[in-house]
Amino acid sequence: MDALAAKSFGAEGEKSSNGECGAGPMDFSQYGPLQIAYLDGKFAGWFLRTGEGVVTSDGIRPGITMDALKGERQVWEIESTLPGEFEYTTADYGTIMGFAEGGKITSLAAGVTCFFR
């Protein structure tokens, strides 16, 4: 994953880790707005903030409005200790979670994450 991301972004990613994630210790590689997560040395998920040139395979990206997303996909707002949390069904019937503030999507994520609730 890191080799593909480095090729796409034109630079090596910044490495970090967190030993206190709910799923266990995780390692991360940051490429601009995209963070790739690894658990036990294997790709586990991703987290995407607002930034240039990165969208999901169905064209959803941080920065669009929740109204635009709701016009395209099924969206569930999640009651959580994390404000603005939601989940939507992708074009290929998977699910992606995210966060919104002020009616705009601020980030998206899929797979294993390291959010503290």
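**Exercise 1.** In which sense do strand β6 and β7 pair, and over how many bridges?

*Solution.* This is a predicted model. Start by locating β6, which covers residues 85-89. Its pairing with β7 is antiparallel and has five bridges. Take one bridge as an example: Tyr-88 is partnered by Ile-96 in β7. Next, look at the link. β6 and β7 make a hairpin, with five residues between them. In that turn, Tyr-93 has a positive phi of about 70 degrees.

**Exercise 2.** Follow the chain onward and describe how β7 meets strand β8.

*Solution.* Strand β8 spans residues 104-111. β7 and β8 run antiparallel, joined by five bridges. Ala-100 has Ile-105 in β8 as its bridge partner. This hairpin has two residues between its strands. Gly-102 sits in the turn, with a positive phi of about 60 degrees.

**Exercise 3.** Decide why strand β7 counts as largely enclosed.

*Solution.* Buried means under 20% relative accessible area. β7 holds seven residues, 95-101. Five of the seven are buried, so β7 is largely enclosed by the rest of the structure. For the chain as a whole, 39% of the 117 residues count as buried.

**Exercise 4.** Place these strands in the whole chain, then judge how compact the chain is.

*Solution.* The chain has two helices and eight strands. From the N terminus, the order is α-β-β-β-β-α-β-β-β-β. The radius of gyration is 14 Å, and the globule rule gives 13 Å for 117 residues. These values are close, so the chain is as compact as a globular protein of that length. Its C-alpha atoms fill a box of roughly 35 × 30 × 25 Å along the principal axes.

Technical notes. Residues are numbered from 1 along each chain as its sequence is written. This is a predicted model: local features need pLDDT of at least 70, side-chain atom pairs count only at pLDDT 80 or more; totals for chains, interfaces and linings use all residues. Side-chain values use heavy atoms; hydrogens and water are left out. Helices (H or I, at least four residues) and strands (E, at least two) are DSSP runs, numbered from the N terminus. The radius of gyration is taken over C-alpha atoms; the globule rule is 2.2 Å times the number of residues to the power 0.38. Buried means under 20% relative accessible area, exposed over 50%, partly exposed in between (1.4 Å probe, protein chains only). Two strands pair if DSSP finds at least two bridges between them.
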